[in-house]
Amino acid sequence: MKAVLASNNKHKLIEIKAMLSGKFEDILTLKDLGIEIEIEENGATFEENAYIKASTIAKMTGMPAIGDDSGICVLALNGEPNIYSARYAGEPCNDRNNNQKLLSKLHALESDGKSVDRTAYFQSVVVLCYPDGSYVSGSGRTYGKIIDEYRGSNGFGYDPLFLSDELGKTFGEAVMEEKNTISHRSRALKDLLEKIV
């Protein structure tokens, strides 16, 4: 059985293929199928957005579809950027601008010398939706803290600023094999795998 990833994000495809390769004969991208679509993610949670993506593509292709929504949540910012992580600094999506906005907001809280809790976690929800509308979902988290300096050139998004509690280095410094052992997406995929019949 083949499945399709409801995204063209090559980083996500690599992670998801590495984790789910044993369950599917192949995992295709929208590009592989010649599909160009901008799915409006108007859900209020990671799970709702992942389901919107997966169900839209499952209905469109008649194939099982995998939707993922993930982001970073910073305690000092009341959980921001949360579901808005990819577009935190506005359109078009820009990792550097998102990181700068995150740091600026933390610095504003610290401006009077106040100590701020920089604890953060990455949250991921992965939904596998079938053409008949049935679905299963998995979720995962990984904790760390936000640092001021960019470290490492691996990964994407907030990875260079996220100092992992478990790895003792940023996700930007971690090689994919290290990151995949403890990342939010790998945990969500493991959770999903346990539920796939």
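Q: Where does S124 lie?
A: S124 is part of strand β4. The model is a predicted one.

Q: Is S124 buried or exposed?
A: S124 is buried, because its relative accessibility is 0%, and the cut-off for buried is under 20%.

Q: Which residues does S124 touch, leaving out those up to four places away in sequence?
A: The residues in contact with S124 are D68, D69, S70, G138, S139, G140, H184, R185 and A188.

Q: What joins the side chains of S124 and D68?
A: The two side chains share a polar contact of 3.1 Å. D68 also belongs to a network of salt bridges, together with K12, E15, D159, K179 and R185.

Q: And how far apart are S124 and E110?
A: In sequence, 14 residues separate S124 from E110. In space, the distance is 28 Å from C-alpha to C-alpha.

Q: Turning to α5, which residues does that helix cover, and what is its reach?
A: Helix α5 runs over residues 184-195, twelve residues in total. From its first C-alpha to its last it reaches 17 Å, close to the 16 Å expected at 1.5 Å a residue.

Q: Which residues of α5 are buried?
A: The buried residues in α5 are H184, R185, S186, A188, L189 and L192. Among them, H184, R185 and A188 are also touched by S124.

Q: What covers them?
A: The cover over the buried residues of α5 includes helices α1 (10-20) and α4 (176-182). It also includes strands β3 (65-74), β4 (119-129) and β5 (135-146).

Q: Which residue forms a salt bridge with K195?
A: K195 pairs with D191, and the closest N and O atoms are 3.3 Å apart.

Q: Why are K195 and D191 about one helical turn apart?
A: They are separated by about one turn because they lie four residues apart in helix α5. In general, an α-helix has 3.6 residues a turn, so residues three or four places apart point the same way. K195 itself counts as partly exposed, at 40% relative accessibility.

Q: How many salt bridges does the structure hold?
A: The structure holds 17 salt bridges. One of them links R87 to E91, with the closest N and O atoms 2.7 Å apart.

Q: Are R87 and E91 buried or exposed?
A: R87 is partly exposed, at 34% relative accessibility, whereas E91 is exposed, at 59%.

Q: What about E149 and R151: how do their side chains meet?
A: They form a salt bridge of 3.3 Å, N to O. E149 is partly exposed at 45% relative accessibility, and R151 is partly exposed at 27%.

Definitions and conventions
Residues are numbered from 1 along each chain as its sequence is written. This is a predicted model: local features need pLDDT of at least 70, side-chain atom pairs count only at pLDDT 80 or more; totals for chains, interfaces and linings use all residues. Side-chain values use heavy atoms; hydrogens and water are left out. Helices (H or I, at least four residues) and strands (E, at least two) are DSSP runs, numbered from the N terminus. The expected span of a helix is 1.5 Å times one less than its number of residues. Buried means under 20% relative accessible area, exposed over 50%, partly exposed in between (1.4 Å probe, protein chains only). Contact means heavy atoms within 4.5 Å. A salt bridge is a side-chain nitrogen of Lys or Arg within 4 Å of a carboxyl oxygen of Asp or Glu. A polar contact is a pair of N or O atoms within 3.5 Å; within protein, one must be able to donate a hydrogen and the other to accept it, and residues adjacent in sequence count only if both atoms are side-chain atoms.
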